[in-house]
Amino acid sequence: YYFLDEEGGSFKVSYQFDPYFMIACPPGKSTELEEWLRRTLDSTVKLISTIEKEDLDLANHLTGKRRTLVKLSFNNITDLLNARRTLQPYINKNKARKESNDIYKSMNLNYSSINKETIENDDLLMDVDIEEEFGFKYTDASELMLDIREYDVPYHVRVSIDENIRIGKWYTVEASPTGPNIIENTEKIAFADPVVLAFDIETTKAPLKFPDSSTDQVMMISYMIDGEGYLITNRSIISEDIEDFEYTPKPEYVGEFSIFNETDEKALLQKFFEHIRDVRPTVIATFNGDFFDWPFVEARAAFHGLDMFKEIGFAKDAEGEYKSTYCAHMDCFRWVKRDSYLPQGSQGLKAVTTAKLGYNPTELDPELMTPYAYEHPQLLSEYSVSDAVATYYLYYKYVHPFIFSLCTIIPLNPDEVLRKGTGTLCEMLLMVQAYNENILLPNKHIDPPERFYNGHLLESETYVGGHVESLEAGVFRSDLKNDFNIDPTAVDEVVADLKNSLTFA
């Protein structure tokens, strides 16, 4: 865990937590299964215990019936994955066996053979014989594993839920012989004061083409750090030195810019990386940085023999998003797409600035950018910094309070809260509630490997998803006055011809 203190300093805490998953087993058979698991997983498992949880999949769980589970805890994620790999074939075999028995039983079910007394007596129903409930006699303890549960909860989510630790809250951290204690301070609710850096790049490009990082160069990097503006220029392309200037589109959005005129692109990138290392930002904000700014900077750095990850610790992850261990990357475009309720055509930085920040930003035709580097470098500089100012204040005014408020209830880090879909965020909230109420999480639905239609095997199945557009955004309330007129003659017409009106409707 990375903490910010009240003075703006920071520190790191290593918190020990054993990852775990659970194996569902028949009632009264947990001891037998525990013994078998100890022998089978001798080298990986740390602790085995029996617990009971409410399982919403049980036929009559509302009567208070609980699912018996064997909880397996491990020293680390690697051991957990190894154990899961070992047990999965047994569980798959047991599930297939139970499925075929269920089908067989439903075909041969003879209602007349069921004792009327058994149906009327709830206690007898709850204490069904294992052979009857699970559809088979067992010969080996491995056959007692009915299912594996809560095995796919990401580790950091598991720790946050179980230990009730959330990002964006204040904590008192105490060292003790058993490890650090993290105690929430519920009285403090004001946000911490992170160091925020928002940046934007301008690149050269061929006429009527999109910038290509293999041939084009970074001309300028404009950025703001906690309200202070900076612009680094590449003098091998920009025709003259730029003087310090101010770009303040509205009195509340102050932008005073200090300029660094660097000799070439490599010097420009080195200066940028060096400044990031000096200020050590807690948050780096971009607009569509995941898909343009970061990949372009990374490619140009590699071109000059610089490794961006070694320089500033930022790299692309498995989802193609740029993340780092010490700093949150907030791509404001992701907030615009999911949370701003702006229609599809108004999601560019210029349109968002007009709609959300309330001023018209500097506009420049992309085709004029490269010529302006030679002809009007001062004008190009003003255009470049306008994007950094817009990104910084958009982040500070909208994205920051929204995402970090969500972080206080959702057990994810800010990068994920910003980028995950609303369905995943809702699922996380339900997981927190389920854990608090001792309810077993259902396993994620997995589509079957093959599908049939009218008895025919489908070679491929395509689904074209719907996409909801927000055409008009705003709050609509019944207590706000609204112009509403009814033309009485139109009503009279409908009443006079009621039979036909109803038939038509």
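**Close-up 1. Phe-484, an exposed residue in a nonpolar surface patch.** Phe-484 counts as exposed because its relative accessibility is 70%, where the cut-off for exposed is over 50%. The model shown here, and in every view below, is a predicted one. Phe-484 sits in the loop that leads from strand 19 (456-457) to helix 16 (488-496). Look around Phe-484 and you will find Ile-486, Val-491 and Val-495, which join Phe-484 in a nonpolar patch on the surface. Together, these four residues offer about 450 Å² of accessible area.

**Close-up 2. The whole chain, as a guide to the other views.** Here is some orientation before going further in. The chain has 505 residues, and 40% of them are buried. Its secondary structure consists of 17 helices and 19 strands. The accessible surface comes to about 29,400 Å², and carbon and sulfur atoms own 52% of that area. Among contacts in the chain with a separation of 6 or more, 69% are between residues 24 or more positions apart.

**Close-up 3. An open sheet of seven strands.** Follow the strands across this sheet and you meet them in the order 12-13-11-10-9-14-17, with mixed pairing. Strand 12 (245-246) and strand 17 (328-331) are the edges; each has a single partner strand, so one side of each lacks a neighbour in the sheet. At the strand 17 edge, strand 14 (residues 283-286) pairs with strand 17 in the parallel sense, over four bridges. To find one residue pair here, look for Val-283, whose bridge partner in strand 17 is Ala-328.

**Close-up 4. Two helices that lie across the seven-strand sheet.** Helix 10 (residues 332-339) lies across strand 14 and strand 17. The angle between helix 10 and strand 17 is about 50°. Helix 13 (residues 377-407) also lies across strand 14 and strand 17, together with strand 9 (196-203), strand 10 (218-225), strand 11 (228-234), strand 12 and strand 13 (256-262). Relative to strand 10, helix 13 runs at about 40°.

**Close-up 5. Arg-280, an exposed residue with a positive phi.** On the way into strand 14, pause at the loop that connects helix 7 (265-279) with this strand, for this is the place of Arg-280. Although Arg-280 is not a glycine, its phi is positive, at about 45°. Is Arg-280 buried or exposed? Arg-280 counts as exposed, because its relative accessibility is 57%.

**Close-up 6. An open sheet of four strands.** This sheet has the strand order 4-5-3-6, and the pairing is antiparallel. Its edges are strand 4 (45-53) and strand 6 (147-149), each with a single partner strand, so each has one side without a neighbour in the sheet. From one strand to the next, the twist averages 30°. Strand 3 and strand 5 (residues 67-74) pair over five bridges in the antiparallel sense. Strand 3 (residues 20-24) also runs antiparallel to strand 6, joined by three bridges.

**Close-up 7. Strand 3, residue by residue.** In a regular strand, side chains alternate between the two faces of the sheet. In strand 3, Tyr-20, Met-22 and Ala-24 point one way, while Phe-21 and Ile-23 point the other way. Five of the five residues of strand 3 are buried, so this strand is largely enclosed by the rest of the structure. Some bridge partners are worth picking out. Phe-21 has Leu-72 as its partner in strand 5. On the strand 6 side, Met-22 stands opposite Arg-149, and Ile-23 has Ile-148 as its bridge partner.

**Close-up 8. From strand 6 into helix 6.** Glu-150 is found in the loop between strand 6 and helix 6 (155-163). Phi of Glu-150 is positive, near 55°, in a residue other than glycine. Glu-150 counts as buried because its relative accessible area is 5%, where buried means under 20%. Next comes helix 6, whose buried residues include Val-157, Val-159 and Ile-161, along with Arg-158, Ser-160 and Asp-162. What do the buried residues of helix 6 pack against? They pack against strand 3 and helix 15 (422-436). Just after helix 6, Asn-164 takes a positive phi of about 55°.

Terms used
Residues numbered from 1 in each chain as written. Predicted model: local features only at pLDDT ≥ 70, side-chain atom pairs only at ≥ 80, totals over all residues. Heavy atoms only, no water. Patch = residues over 30% accessible without salt bridge, like charges linked within 9 Å, V, L, I, M, F, W, Y side chains within 5 Å. Areas by Shrake-Rupley, 256 points an atom, 1.4 Å probe, with all protein chains shown as cover. Salt bridge = Lys/Arg side-chain N within 4 Å of Asp/Glu carboxyl O. Buried < 20%, exposed > 50% of the residue type's maximum accessible area, 1.4 Å probe, protein only. Pairing = 2+ DSSP bridges. Contact = heavy atoms within 4.5 Å. Axes fitted to C-alpha atoms, helices over the stretch in contact; angles between N-to-C directions.
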